[in-house]
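Biologist: I am new to this structure. Please take me through one part of it closely: the surroundings of the ligand.

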Amino acid sequence: MYAIIGAGPMGLCTARQLQKHGIAFVGFELHENVGGLWDIDNPHSTMYDSAHLISSKGTTQFSEFPMGADVAPYPHHSEMRRYFRDYAEHFGLHEHYQFSTRVVSMEKLEKGWRLFTEKDGVTREWQFDGVLIANGTLHKPNLATLPGQFSGELLHSSDYRSPDIFSGKRVLIVGCGNSACDITVDAVHRAASVDLSVRRGYYFLPKFLLGRPIDTFGGAVKLPRALKQRIDGLLIRALVGKPSSYGLPDPDYKLYESHPVMNSLVLHHLGHGDIKARRDIAKVDGKSVTFTDGETAEYDLILQGTGYKLDYPFIDRSHLNWPEGAGAPKLYLNVFHPEYDDLFMMGMVEASGLGWQGRAEQAELVALFICQLEAQAPAAKAFQATKRERASIRLDGGYGYLDLERMAYYVHKDTYRQAIAEHSAALRPTAKAG
Ligand SMILES: Cc1cc2nc3c(=O)[nH]c(=O)nc-3n(C[C@H](O)[C@H](O)[C@H](O)COP(=O)(O)OP(=O)(O)OC[C@H]3O[C@@H](n4cnc5c(N)ncnc54)[C@H](O)[C@@H]3O)c2cc1C
């Protein structure tokens, strides 16, 4: 019997794959229903009222459960909550879950794991042959320390729900990831003024090209990496220009070496003077903020869009092959512990265009490995050797990803999916029989 922690997209597709491969499991979810952060009422959710998919529906959806034709290319988060509830209903996953139940700790046994859960103040003990952790990567705020004392309101993007909080205020947004840019655009319509403090350069991509979601282009022809970076870089330059044309820093790295920002509205508003670009913060004193270019301005509210940290509070770090100072555990394919065969990190992966289907493929590989391990098949032995040797290898497709904490578990989608597909083929029982 296996345990799954979490009923977000990753937990659900993991449950589906275990079900498909006949592996018994119990799921644990601290919220009362499925959907993970796509359910804005989940206490772990970092959604905000205006949020929509950032990757398009075709790139993101589970291929065995496509979204309806009436669903927009970039649907609203509430539609995604419905989608996950429908998915769970369709495959009969709800009944496998213990809802409103938080996993509080887990202990390694000689064989398997002991898990402690908490529901309505009552603690319960469980025992499992293995545990699949799918508790999400975007719930623990990465708070930056400000250089000085701010006397206004200080928030992180995880606290943000509605633009009402900006009404009539002088707002400074810090950071330029996808959420930070969405929130900056929201603020334009409410705030007295909106400034955006950006430390490094970003590539901005429009969500649509020729009336189609931009992430639907480029799949047919696989260009060599350097050529793709150059051609796509020129295309982006032709479409939106250089960030410095809008007052932002230009990237000092090549396209795809960091996660691009899927937002051209922020550039639109910068170009209209609705948003003012600011440099990194040098000093804060009361409501006054001085930037590294020497300019100073006053703010009523600072919102930090500074991202998230990985967070596994229920398991001792020593079980995760996570060296001190490393941004993420060192696990083969971001999933497999080099030594343990009964612990799997699900969904600790980020990649442009991986979507939930890429996560479902990851879950299928784990299910196949568990099956073959139980059957004591030679394919499982071979995979054990691979994961032991390759735990520290990063599947980056040759892209020199920036050395940032948020990029620590970033992979190159095609390289990653290909590796998953090859291992899955080797572990699939039919492949052996054939
Ligand atoms: C605004 C926004 C837009 C996004 N847009 C996209 C997009 O367009 N495309 C894309 O691919 N990704 C997008 N993402 C990334 C998003 O992380 C993934 O889509 C997806 O939600 C990850 O699924 P998950 O199951 O790994 O994590 P989550 O959705 O975070 O689910 C984790 C679940 O685990 C539960 N849990 C956590 N700890 C415990 C515990 N101790 N015990 C029991 N349960 C626990 C949580 O309650 C939660 O339900 C976006 C994220 C945000 C915030």
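**Around the ligand**

Modeller: Start with the make-up of the shell around the ligand: 16 of its residues are nonpolar, 14 are polar and three are charged. Keep in mind that this is a predicted model.

In total, 33 residues surround the ligand. The nearest are Met-10, Glu-29, Ile-54, Ser-55 and Val-103.

Now look at the individual contacts. Take Ile-54 first. A polar backbone atom of Ile-54 sits 2.5 Å from an oxygen atom of the ligand. Ser-55 uses its side chain instead. There, a polar atom lies 2.7 Å from a nitrogen atom of the ligand. Then go to Pro-9. Its backbone N or O atom is 3.3 Å from an oxygen atom of the ligand. Each of these pairs counts as a polar contact, because the cut-off is 3.5 Å.

How much of the ligand does the protein bury? On its own, the ligand exposes 990 Å². The protein buries 95% of that area.

Next, ask which elements build the shell. Three of them each give two or more residues to it. They are helix H1, residues 9–20, strand S4, residues 102–108, and helix H7, residues 355–374.

Follow the two helices outward, beginning with H1. Its partner here is helix H3, residues 77–90. The axes of H1 and H3 come within 11 Å and cross at roughly 15°. An angle under 35 degrees counts as roughly parallel, so H1 is roughly parallel to H3. The crossing of H1 and H3 is left-handed.

Then turn to H7. Its partner is helix H9, residues 413–427. The axes of H7 and H9 come within 9 Å, crossing at roughly 30°. That angle therefore makes H7 roughly parallel to H9. The crossing of H7 and H9 is left-handed.

To put the part together: the protein buries 95% of the ligand's exposed area. Helix H1, strand S4 and helix H7 each give two or more residues to the shell. Behind that, H1 pairs with H3, and H7 with H9.

How values were computed
Residues are numbered from 1 along each chain as its sequence is written. This is a predicted model: local features need pLDDT of at least 70, side-chain atom pairs count only at pLDDT 80 or more; totals for chains, interfaces and linings use all residues. Side-chain values use heavy atoms; hydrogens and water are left out. A residue is near a molecule or strand if one of its heavy atoms lies within 4 Å of it. A polar contact is a pair of N or O atoms within 3.5 Å; within protein, one must be able to donate a hydrogen and the other to accept it, and residues adjacent in sequence count only if both atoms are side-chain atoms. Accessible areas come from the Shrake-Rupley method with a 1.4 Å probe; for residues, only the protein chains shown count as cover. Helices (H or I, at least four residues) and strands (E, at least two) are DSSP runs, numbered from the N terminus. Ala, Val, Leu, Ile, Met, Phe, Trp, Tyr, Cys and Pro count as nonpolar, Asp, Glu, Lys and Arg as charged, and the others, Gly among them, as polar. Axes are lines fitted to C-alpha atoms, for helices over the stretch in contact, and angles run from 0 to 180 degrees between N-to-C directions. Angles under 35 degrees count as roughly parallel, over 145 as roughly antiparallel, 65 to 115 as roughly perpendicular and the rest as oblique. A crossing is left-handed if the near helix is turned anticlockwise from the far one by less than a right angle, and right-handed if clockwise.
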